[in-house]
Structures are given as C-alpha cells and as structure tokens.
Amino acid sequence: MLVSVGASRASAQTDPLPSWNDGAAKQAITDFVTRVTLQGGADFVPPAERIAVFDNDGTLWCEQPVYFQLAFGLDSVKALAPKHPEWRHQQPFKAFLSGDKEGLASQGEKGLLGLIAAAHSGMTTDDYAVSVAGWLAQARHPRFDRPYNELVYQPMVELLAYLRANGFKTFIVSGGGVEFMRVWAEKAYGIPPEQVVGSSGVTQFKIGADGRPLLTKLPKVEFIDDGPGKPSGINRFIGRRPILAFGNSDGDQQMLQWTAAEPGARFLGIVHHTDSAREYAYDRRSKIGKLDKAWDEAVQRGWTVVDMAKDWKTVFAFEHSNTGALQ
C-alpha cells in the first residue's frame with residue numbers, strides 16, 4: 001500500500017500537465033513538444049523559433065458573462081458618470097447608462113473599446129495601472145464570488161510552464177487592452193509585460209506640472225488586436241511566426257491560420273467551453289467568445305479541440321478544498 005501511494009505521488013510529480021485528463025488532447029500537446037525539442041529529429045525547432053501565442057479571454061481565463069475588461073470599464077463609467085452628464089446623450093455611454101444591453105452589444109468591440117478609452121481619457125498610464133490593480137482587489141465575479149484574476153484556467157497555466165520549461169517563449173495575443181493585461185498577467189501566467197500583445201489606445205507624452213514625464217491616455221483606439229488584427233499584431237510586436245497557437249473563438253481563427261501557414265511542425269489548439277457545471281458551456285450562438293467558423297476549420301484541418309468537460313480534471317485552482325470537495 002505504501003509503495004502504491006509513493007508510486008502515485010512520484011507519477012503526479014513527473015506529469016507536467018497534472019490538471020489534464022489523459023486523452024487525445026494531452027497526448028497531442030506532449031507529442032508535439034517532444035518532436036520539436038528532440039535534437040537531431042526531423043521536426044526539431046531551435047529554441048529561438050519556439051514561439052507560442054495564446055489568446056487570453058476564454059483561453060487563459062474565463063470570459064463569461066462579459067469580458068472582464070468590459071466589467072472593469074463599466075464599473076469605471078458608473079463611477080465617473082456624475083462628472084459627465086453629456087454621456088447620457090452619447091453612444092455607447094447612453095446605452096450603458098440607460099440599461100440597454102442590446103444597444104451596448106450592437107456597438108461591437110470597437111464601440112466598447114471606445115467607451116473604455118473615453119472613460120479613462122486624461123488618466124496617466126501609471127494611474128490607470130493603479131486603477132486596474134485596485135479594481136481587481138475589490139471586484140468579484142457575479143457567479144463564482146472570486147476576484148477576477150483567480151479565474152485563470154489551471155490546465156493552461158500548467159501548459160504555459162511546460163512550454164517554457166522546454167525552451168518556448170510564451171506570448172499573449174489578445175483582443176483585450178494591452179495595458180489592462182500587463183498589470184496582472186505576469187503574476188497569473190508567468191508572462192512578462194513585454195510579451196503581452198493586445199488592443200491599444202493612443203497615449204500622449206508630456207511633462208507634468210511637477211516636471212515629471214508622463215504618458216496620458218487619449219480617447220482614441222489605436223489598434224484592435226482581434227480577428228485579422230492578430231496576425232498583424234504578431235508581425236508588428238513579435239516578429240516571428242509562432243509554431244504553436246491556442247484560442248477559443250472565431251476571433252482567434254486568423255491567428256491559428258497564420259501560425260499554420262508555413263511548413264514544419266505546428267500545433268493549433270482551441271479550447272471548447274463544454275462544462276456548464278464548473279464553468280460555462282457555449283459555442284456557435286454565444287455573443288461572447290463565439291466559436292463557429294473556427295470550430296469548423298479545426299475539424300476540417302485536424303486542429304486540436306480541447307473539450308473542457310472531458311479533457312480537464314480541474315478548471316480553476318480554487319475548485320477543490322484541502323479535503324477534495326468542491327468549494
């Protein structure tokens with residue numbers, strides 16, 4: 001009995017992906033890493049070229065019932081609205097302040113990013129980072145009653161660490177705001193700020209009244225890192241085509257296509273949200289993280305589709321208490 005328990009613990013310690021169930025998805029990942037890191041092998045890739053890119057919302061952390069940055073932005077608008085009576089007559093502020101959720105959704109991602117950019121206009125980048133950190137410290141997810149930055153996927157955190165242990169450089173390539181993600185991504189994922197690619201607003205350099213140089217946020221969106229913008233962002237900020245890409249929605253399809261476009265070993269992965277008990281179940285009809293065309297292409301081309309309910313032993317690190325019971 002003691003030998004059996006010891007063997008079990010040793011096995012768990014040597015498994016780089018303990019929160020993944022044994023199956024086709026986990027096997028595809030470990031097989032790929034073995035192939036590209038085997039010195040002298042046919043698919044060997046030098047460490048400098050081992051670039052892995054990951055979407056954030058719905059791929060590395062939860063994105064329901066609304067994108068978490070949007071929740072932050074809307075809380076900011078609520079707090080600032082009394083100082084801006086003109087917002088009641090301007091879209092997308094009007095839709096939000098009147099409770100028109102459909103009208104707000106109809107503004108699209110550009111409109112929502114514009115709302116967030118306008119709400120933080122005039123704020124320095126340093127003050128913005130402080131406001132994000134403060135919100136994360138006090139805001140709670142409406143379903144899980146946890147800080148939003150605790151809703152990261154444990155299996156994906158393990159995957160990121162496994163890739164880095166095998167010479168990969170890991171990047172976030174997300175439609176979310178780059179300055180929003182850089183505040184907490186390194187602690188959550190081990191990905192430093194310079195390896196976060198995201199949507200960005202215009203900033204302006206100036207010298208403050210106290211003589212200190214400042215970067216001030218302006219009410220203008222500069223770059224949207226979503227859909228076809230993701231390959232452009234990779235080219236602009238990373239400069240190497242990835243050999244591994246992971247996403248979860250149609251907004252990631254072009255990033256996966258771009259990654260697959262060159263010969264050689266490539267890994268294309270999609271997280272499919274199928275677990276309504278531990279997280280959420282959604283795909284083709286969802287307004288948040290819609291997975292439709294990318295799913296079809298994944299099936300057609302043999303990309304790896306990760307079934308959250310079947311492939312993940314654990315979704316969130318907080319899922320189980322010390323006694324093993326669901327919290």
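Gln 69 has its place in helix H3, which spans residues 68–80, and in this predicted model the residue counts as buried, at 11% relative accessibility. Not counting residues up to four places away in sequence, Gln 69 touches Ile 116, Tyr 128, Gly 176, Gly 177 and Phe 180.

**Nonpolar cores**

In soluble globular proteins, nonpolar side chains tend to be buried together. In this model the largest nonpolar core has 56 residues, and those with the most contacts inside it are Phe 54, Met 156, Leu 159, Trp 184 and Tyr 189. Leaving aside its neighbours within four places in sequence, Trp 184 is in contact with Asn 56, Trp 61, Val 132, Leu 136 and Tyr 189. There is also a second, separate core of 16 residues, which includes Val 53, Val 173, Ala 245 and Leu 256.

Val 53, a member of that second core, is found in strand S1 and is buried, with a relative accessible area of 0%. Not counting residues up to four places away in sequence, Val 53 touches Phe 171, Val 173, Ile 234, Ile 238, Pro 242, Leu 244, Ala 245, Phe 246, Met 255 and Thr 259. As a longer-range reference, the C-alpha atoms of Val 53 and Glu 179, which are 126 residues apart along the chain, are separated by 18 Å.

**Parallel strands around S5**

Strand S1 (residues 51–54) and strand S5 run parallel and are joined by three bridges, with Val 53 standing opposite Ala 245 in S5. Ala 245 therefore appears both as the bridge partner of Val 53 and among the residues that Val 53 touches, while the under 20% cut-off for burial is met by Val 53 at 0%. Strand S5 (residues 244–247) is covered on both faces: Leu 244 and Phe 246 on one side, and Ala 245 and Gly 247 on the other, are all buried. Strand S5 also runs parallel to strand S6 (residues 267–272), to which four bridges join it, and here Gly 247 stands opposite Ile 270.

**The S3–S4 hairpin and a surface patch**

Strand S3 and strand S4 (residues 213–223) pair in the antiparallel sense over seven bridges, and the bridge partner of Ser 200 in S4 is Phe 223. The hairpin has five residues between these strands, and within the hairpin Gly 211 takes a positive phi near 90 degrees.

Phe 205 lies in strand S3 (residues 196–207) and is exposed, with a relative accessible area of 55%. Together with Ile 207 and Leu 215, Phe 205 forms a nonpolar patch on the surface, and the accessible area of the three residues together is about 300 Å². Because burial requires under 20% relative accessible area, Phe 205, at 55%, cannot belong to a nonpolar core, which is a set of buried residues.

**Salt bridges**

The count of salt bridges comes to 16, and the table sets out three of them with the closest N to O distances and the accessibility of each partner.

| Pair and distance | Relative accessible area of the partners |
|---|---|
| Lys 26 and Asp 22, 3.3 Å | Lys 26, 8% (buried); Asp 22, 70% (exposed) |
| Glu 150 and Arg 146, 3.3 Å | Glu 150, 34% (partly exposed); Arg 146, 22% (partly exposed) |
| Arg 241 and Glu 262, 3.4 Å | Arg 241, 22% (partly exposed); Glu 262, 37% (partly exposed) |

Concerning the pair of Arg 241 and Glu 262, whose closest N and O atoms are 3.4 Å apart, Arg 241 lies in the loop between helix H11 (229–237) and S5, and Glu 262 in the loop between helix H12 (253–260) and S6, so the pair ties together parts that are 21 residues apart in sequence. Salt bridges that share partners also join Asp 15, Asp 22 and Lys 26 into one network. Within that network, the bridge between Lys 26 and Asp 22 links a buried residue, Lys 26, to an exposed one, Asp 22.

Key: Residues are numbered from 1 along each chain as its sequence is written. This is a predicted model: local features need pLDDT of at least 70, side-chain atom pairs count only at pLDDT 80 or more; totals for chains, interfaces and linings use all residues. Side-chain values use heavy atoms; hydrogens and water are left out. Patches are made of residues with over 30% relative accessible area and no salt bridge: like charges are joined within 9 Å, nonpolar side chains (Val, Leu, Ile, Met, Phe, Trp, Tyr) within 5 Å. Accessible areas come from the Shrake-Rupley method with a 1.4 Å probe; for residues, only the protein chains shown count as cover. A salt bridge is a side-chain nitrogen of Lys or Arg within 4 Å of a carboxyl oxygen of Asp or Glu. Helices (H or I, at least four residues) and strands (E, at least two) are DSSP runs, numbered from the N terminus. Buried means under 20% relative accessible area, exposed over 50%, partly exposed in between (1.4 Å probe, protein chains only). A nonpolar core is a set of buried Ala, Val, Leu, Ile, Met, Phe, Trp, Tyr and Cys residues joined through side-chain atoms within 4.5 Å. Contact means heavy atoms within 4.5 Å. Two strands pair if DSSP finds at least two bridges between them.
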